[in-house]
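User: I'd like to go through how a few descriptive labels get attached to a model. Can you take me through the reasoning?

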Amino acid sequence: MELIKISEDKYYDYRINAMFDCYKWDPQFCDSNTLSKYVLVLTKKENEEVIKLTEKLDKETRQAEEYLNKNKKLAKKLLLPKKIIEKIPNMKTYDKEQNVRLMRYDFHPSVEGNWVVTEVNSDVPGGFAESSILPDLARKTIGRRDLEYNSFGDRMIDAINDKLNRKGTIFLVHCTCFSDDRQVMQYMGDRLKKEGYKVIYGAADHINFKNKKAYSILDNNTEEIDMIIRFTPLEWLIQMKPRRWDGYFDTITKSCNHPISIYAQSKRFPFVWKDLEKAGISMETWKSLLPETLEVKKIGSREGFIYKPIYGRVGERISIKEACKGDEYIKILKDVKKYPKQYLAQKKFQSMPIKSEEKEEYHICLGSYTIEGKHAGYYARMSLYPRIDSYASDIPVLVEK
C-alpha cells in the first residue's frame, strides 16, 4: 500500500471536480474535510490477495444467508427486529437468480502483516460514485495513467443488464430528505438512464405491492416496476413504519438488495457459525479474518475487547477509546451496560497505519465490493485514528498494473 499526495496546486480543482462531476456533493462533515488529499495505491499482489479473500467470504456469506432464510429458529440468534423475524416465512419467494446481490467487506491492514475483516456491509453499502468515477479523476489529477481500477458502476450495470436486458422501469428507494443518500442514487440513476432504463426516485412508501408485484404510486409515475434498488437500510425502514413495508419481503419483483441481506448485516452473524458448520456450510475464511467476537455478557474480566452496536453504521458507537471525542467513550460504556443485547464485544486488533510522505500516519479501511459473487471494485476511507467514522475521509483506490 502506498499513499500518493495530490499536490496543493491541483487539490482545489480536484475537490471542485469531485463535487460537480463525481457526485461528491458535500465533501464535509462538521468542520472536517471528507475528501482525502491522497490516493491509495495497492500493489498487484495486494489486489489479487484481497480479491481472492473477498470472493471466498462472499461465497460463505451467501450460502449462510440462504440457509438462515429456511431456518427461522436459528435466525433468531441474530436478534433481528421482531417485525423482520415475523416476515422470514414470507421470504421463501427469494430467488437468487432473479435478484442482484451486492455486498461490501471491510478490510484493514494489521501490524501483524495480515488482513483483518471487521464486518460485511450486507444490506445497503454505499460509495457508488467514489468507487466508479472518482478513481479516474484521481488518476488524471496525479498523472498516473499506468495505474488502473475496477469500476463498481460498470460491474453494477453489467449485473442489472443481465437481469433486465436494458428494458423496463427501475425504482431507486432512498431517504429522500438526505442529500448524501440522493447523491448515491443520482449517480446510479444517471448511469441507468444512459442504458435506456426509465428511472424513478422515491421513498420506501412510494411503492405499493399487488399480487407480490411492485408498483410506483407517485404522480405521473403510476406504473409497474421491473426492479427495486433499495438504499434505505432495512431496520430503518421498519422504524419509519411506512405503509406497505412488508411487501418488500415477498415481492417477486427483482431487487438489489432483497431483505435476505439482513442476516449478515447483524453484527451477531458470527454467533450462528457453529450451527452453520454443523449443517455443512464452511465459514473458514470468515473465522480466519474476523477478530474474536463474543456476547457482552461473556466478556467478564477479559481485556482487549471493544464494543460495537449490532446495527451500527459509519463507525458509530464503537468504543475505541483513543478515537472517541469528549465524553463519548463514557457514554458508550453506559449504553452497553444499560442495553447489553444491543452490542457485542470484539477483540481489538492493532491497525497498521500507512505513512504519508509528510510522515503522518493514517489508518485505512478498504471496502471490497462483490456483485453476484464477483469482486466489483473498492471504496476506501482513511482516518488519523484507528476508527473509521463520519470524520474519516474518502480516498480513491488505484492498483498497479
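Below, some labels are checked against their cut-offs.

Analyst: Sure. Keep in mind that this is a predicted model.

User: What makes the chain as compact as a globular protein of that length?

Analyst: Start with the inventory: 13 helices and 21 strands. The radius of gyration is 21 Å, close to the 21 Å that the globule rule gives for 401 residues, so the chain counts as compact as a globular protein of that length. Its C-alpha atoms fill a box of roughly 60 × 55 × 40 Å along the principal axes.

User: How many of the residues count as buried?

Analyst: 57% of the 401 residues do, with buried meaning under 20% relative accessible area. As for contacts with a separation of 6 or more, 71% come from residues 24 or more positions apart.

User: Why are H6 and H7 called oblique to each other?

Analyst: Helix H6 (residues 152-164) packs against helix H7 (residues 179-194) at about 55°, and their axes are 11 Å apart. Roughly parallel needs an angle under 35 degrees, and roughly perpendicular covers 65 to 115. The angle of about 55° fits neither, so H6 and H7 are oblique. Their crossing is right-handed.

User: Which residues make that contact, and what classes do they fall into?

Analyst: H6 brings Gly153, Asp154, Met156, Ile157 and Ile160, while H7 brings Tyr187, Met188, Arg191 and Leu192. By class that gives six nonpolar, one polar and two charged residues. Gly counts as polar here, and Asp and Arg as charged.

Conventions
Residues are numbered from 1 along each chain as its sequence is written. This is a predicted model: local features need pLDDT of at least 70, side-chain atom pairs count only at pLDDT 80 or more; totals for chains, interfaces and linings use all residues. Side-chain values use heavy atoms; hydrogens and water are left out. Axes are lines fitted to C-alpha atoms, for helices over the stretch in contact, and angles run from 0 to 180 degrees between N-to-C directions. Helices (H or I, at least four residues) and strands (E, at least two) are DSSP runs, numbered from the N terminus. Angles under 35 degrees count as roughly parallel, over 145 as roughly antiparallel, 65 to 115 as roughly perpendicular and the rest as oblique. A crossing is left-handed if the near helix is turned anticlockwise from the far one by less than a right angle, and right-handed if clockwise. Contact means heavy atoms within 4.5 Å. The radius of gyration is taken over C-alpha atoms; the globule rule is 2.2 Å times the number of residues to the power 0.38. Buried means under 20% relative accessible area, exposed over 50%, partly exposed in between (1.4 Å probe, protein chains only).
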